[in-house]
Amino acid sequence: PELEKVSQEFECMLLGFMLKEMRATIPESGLFPASMTEDIFTDMLDQQLSAKMAQNGGLGLSRIVFQQLDRNESVRSEE
């Protein structure tokens, strides 16, 4: 259970980073001035989106990371 949680958190963190970087490519419209409040809201939105995406399968990365960590743990326990 702990490995699954860590794997999912890793994917969540990666998805959050990807969302933030993708959002940075969008040019400012100039219609509304940028504010600290908007930045905070956007960061919180990206965190929630990345968490939900990771919980629902996301990129499938958490499954791959889990399998690798589980395999490494199995090898260590056999030694």
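What percentage of the 79 residues in the protein do buried residues make up? Buried residues account for 14% of them. Keep that number in mind as you look through these views of a predicted model.

**View 1. The whole protein is built from 3 helices and 0 strands.** Starting at the N terminus, the elements follow the order α-α-α. The radius of gyration is 17 Å, well over the 12 Å that the globule rule gives for 79 residues, so the protein is more spread out than a compact globule. Along the principal axes, its C-alpha atoms fill a box of roughly 60 × 20 × 20 Å.

**View 2. Helix 2 runs through residues 36–55.** Its 20 residues reach 29 Å from the first C-alpha to the last, close to the expected 28 Å. Just past this stretch, see if you can spot Gly57, which follows helix 2 and has a positive phi near 105°.

**View 3. Helix 2 has a buried side, formed by Thr42, Asp46, Ser50 and Ala54.** These residues cover an arc of only 95° around the axis, which puts them on the same side of helix 2. Why does such a pattern arise? An α-helix has 3.6 residues a turn, so residues three or four places apart point the same way. Helix 1 (2–24) is included in what covers the buried residues of helix 2.

**View 4. Turned away from the buried side, helix 2 shows its exposed residues.** Look here for Thr37, Phe41 and Gln48.

**View 5. Contacts link residues that lie apart in the sequence.** Among contacts with a separation of 6 or more, 90% come from residues 24 or more positions apart. As for the outside, the accessible surface comes to about 6500 Å², and 60% of it belongs to carbon and sulfur atoms.

Technical notes
Residues are numbered from 1 along each chain as its sequence is written. This is a predicted model: local features need pLDDT of at least 70, side-chain atom pairs count only at pLDDT 80 or more; totals for chains, interfaces and linings use all residues. Side-chain values use heavy atoms; hydrogens and water are left out. Helices (H or I, at least four residues) and strands (E, at least two) are DSSP runs, numbered from the N terminus. The expected span of a helix is 1.5 Å times one less than its number of residues. Buried means under 20% relative accessible area, exposed over 50%, partly exposed in between (1.4 Å probe, protein chains only). The arc is that of the directions from the helix axis to the C-beta atoms. Contact means heavy atoms within 4.5 Å. The radius of gyration is taken over C-alpha atoms; the globule rule is 2.2 Å times the number of residues to the power 0.38. Accessible areas come from the Shrake-Rupley method with a 1.4 Å probe; for residues, only the protein chains shown count as cover.
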